[in-house]
Amino acid sequence: MPTHDIVLHGATGFVGKIVADYLARHPEAGRFSWAIAGRNPEKLARVRDTAAARGTEPGVLVVQAADEESVEAMVSSAAVILNVAGPFSEYHADHIVGACARSGTHYADLSGEYWYQRLLIDEFHEQAESSGAKIVVAAGVDSIPSDLGVQFAIEQLAAKDGRARHAKSLFTSYAGSFSGGTRRSMQARKRIEQSGTYEPGFHTDSYVLAPGAQRSHDGETVSGWDSRRFDTDLRRFGNPFFMAPINTRVVRRSLALDGHLPCTYEEGISTAALLEVLWLYASRGFGYFVGAPIPMKPKSGEGLPLWLQRAGRFCVRVHVTTDDRTQAALVEVRGAGDPGYLATSKMFSEVGLSLLLDDAPARGGVLTPATALGPVLRRRLDEAEDGRFMQFRTLK
Ligand SMILES: NC(=O)c1ccc[n+]([C@@H]2O[C@H](COP(=O)([O-])OP(=O)(O)OC[C@H]3O[C@@H](n4cnc5c(N)ncnc54)[C@H](OP(=O)(O)O)[C@@H]3O)[C@@H](O)[C@H]2O)c1
């Protein structure tokens, strides 16, 4: 019998502290017990004291992720593991996932490292399917808005008896910055390539997370949106988006697992969204005008200042059509707070609560947010903070 409903591993990092803060003062705090976990007892004690002052006091578990026995002990004490210690391919997240897949414990992380996600699929998908463990990867802004947005748009088209064959997403707002952990994760790909640990073909494979899936056509590139162009369906100029290589692969896994392939997918960012970020930075003198500069080379544990976390926001429009393009659906997903940290931490916490408390589809495996939780997560995000955090809307 688990002693804690939720264990937050990596709670001492930049994202971990924001997640701990959100869980500590969550309106459903009376419905779950929780603990924080990590490798440094002094740092953990500080996070625990802050959480206690904010609302509820979590338990504390000292865990060495490299040591499988230590990981087993943590996993056996939990109903749901939330892991924010990344880069996940470097901080032994596979040990945690392996223990969860064996024991049937639900798990979520914030990984965008597709080579690590593919390793989880190859090593643990079948085991998690049999044990019933939901292993949810990419449970932050990469890739919840794109993933749930595409699923929502496909549902709208199906309601008109249309079958989606082409899908595309355009971020029309994406205002924020990045943390030390994200910087390290971005550099991880280079280290991984040099290490030779993973197949070099993974980096160019648009369907790396959907092994064996029926592909749409051979020419489909990883992001799909590879140059600046005007899109007549979305009526905006779109550009290549730096997060698309992560999101498109996750969305394609969802399309594969839910039986929607073949269906093309592409993702970009609007020119207006890029100008919005420039204006946000310039109007505050990159934070110098408000006494909290945006760190350009943040270290582990560091990230964007509070003013930028609060001033940030995101919005993505998703368009799907039938093969002959006679029927279409258009939806929008928008959210308040900088996408990568404040909004991600809220989305991620709600994933944990959804895994614990909601009546989710009975399906185990290495899953995406859409295939693990889908509409129940959408409803939960829509309702969070009395509807002020995220909204899912049908536009057409
Ligand atoms: N998907 C998304 O939308 C999204 C959004 C934001 C961030 N992320 C990802 O989330 C991850 C965390 O970001 P962050 O900014 O919070 O990073 P961070 O501040 O560097 O925190 C890293 C965490 O990992 C722990 N850690 C460091 N080395 C470890 C090791 N060898 N074994 C086990 N744990 C170790 C750290 O513990 P100590 O405090 O003891 O050093 C800390 O708790 C990154 O991978 C980032 O890319 C994803």
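This report describes the domains, one sheet and the ligand surroundings of a predicted model.

**Domains**

The domain assignment divides the chain into domain 1 (4-139 + 347-370) and domain 2 (144-338 + 385-394). Taken over C-alpha atoms, the centres of domain 1 and domain 2 are 23 Å apart. Domain 1 gives 20 residues to the contact, and domain 2 gives 25 residues. On the side of domain 1 that touches domain 2, at least two residues come from each of α1, α5 (114-131) and α12 (369-372). The largest share of this side, 5 residues, belongs to α5. By class, the side of domain 1 that touches domain 2 holds 11 nonpolar, 6 polar and 3 charged residues.

**Ligand shell**

There are 34 residues around the ligand, and those that come nearest are Gly13, Gly86, Gly140, Gly181 and Ser300. Domain 1 and domain 2 each provide at least three residues of the shell. Helices α1 (14-24), α7 (180-195) and α11 (339-357) each contribute at least two residues to the shell. With 4 residues, α7 has the largest share of the shell around the ligand. Helix α1 thus appears in two places: it supplies at least two residues of the shell around the ligand, and at least two residues of the side of domain 1 that touches domain 2.

The table sets out the classes of residue in the shell and on the domain 1 side of the contact.

| Region | Nonpolar | Polar | Charged |
|---|---|---|---|
| Shell around the ligand | 11 residues | 20 residues | 3 residues |
| Side of domain 1 that touches domain 2 | 11 residues | 6 residues | 3 residues |

**The seven-stranded sheet**

An open sheet is formed by 7 strands with mixed pairing, in the order β8-β9-β10-β7-β11-β12-β14. Its edge strands, β8 (229-231) and β14 (390-394), each pair on one side only. From one strand to the next, the twist averages 30°. Strands in a sheet pair through backbone hydrogen bonds, in parallel or antiparallel fashion. Strands β9 (residues 236-240) and β10 (residues 264-270) run antiparallel and are joined by 3 bridges. Opposite Gly238 stands Ser270 in β10. Helix α8 (residues 244-257) packs on the sheet and touches β9 and β10. The direction of α8 makes about 150° with that of β10.

Technical notes: Residues numbered from 1 in each chain as written. Predicted model: local features only at pLDDT ≥ 70, side-chain atom pairs only at ≥ 80, totals over all residues. Pairing = 2+ DSSP bridges. Axes fitted to C-alpha atoms, helices over the stretch in contact; angles between N-to-C directions. Contact = placed C-beta atoms within 7 Å. Near = placed C-beta within 6 Å. Nonpolar A, V, L, I, M, F, W, Y, C, P; charged D, E, K, R; others polar. Domains from an automatic or database assignment.
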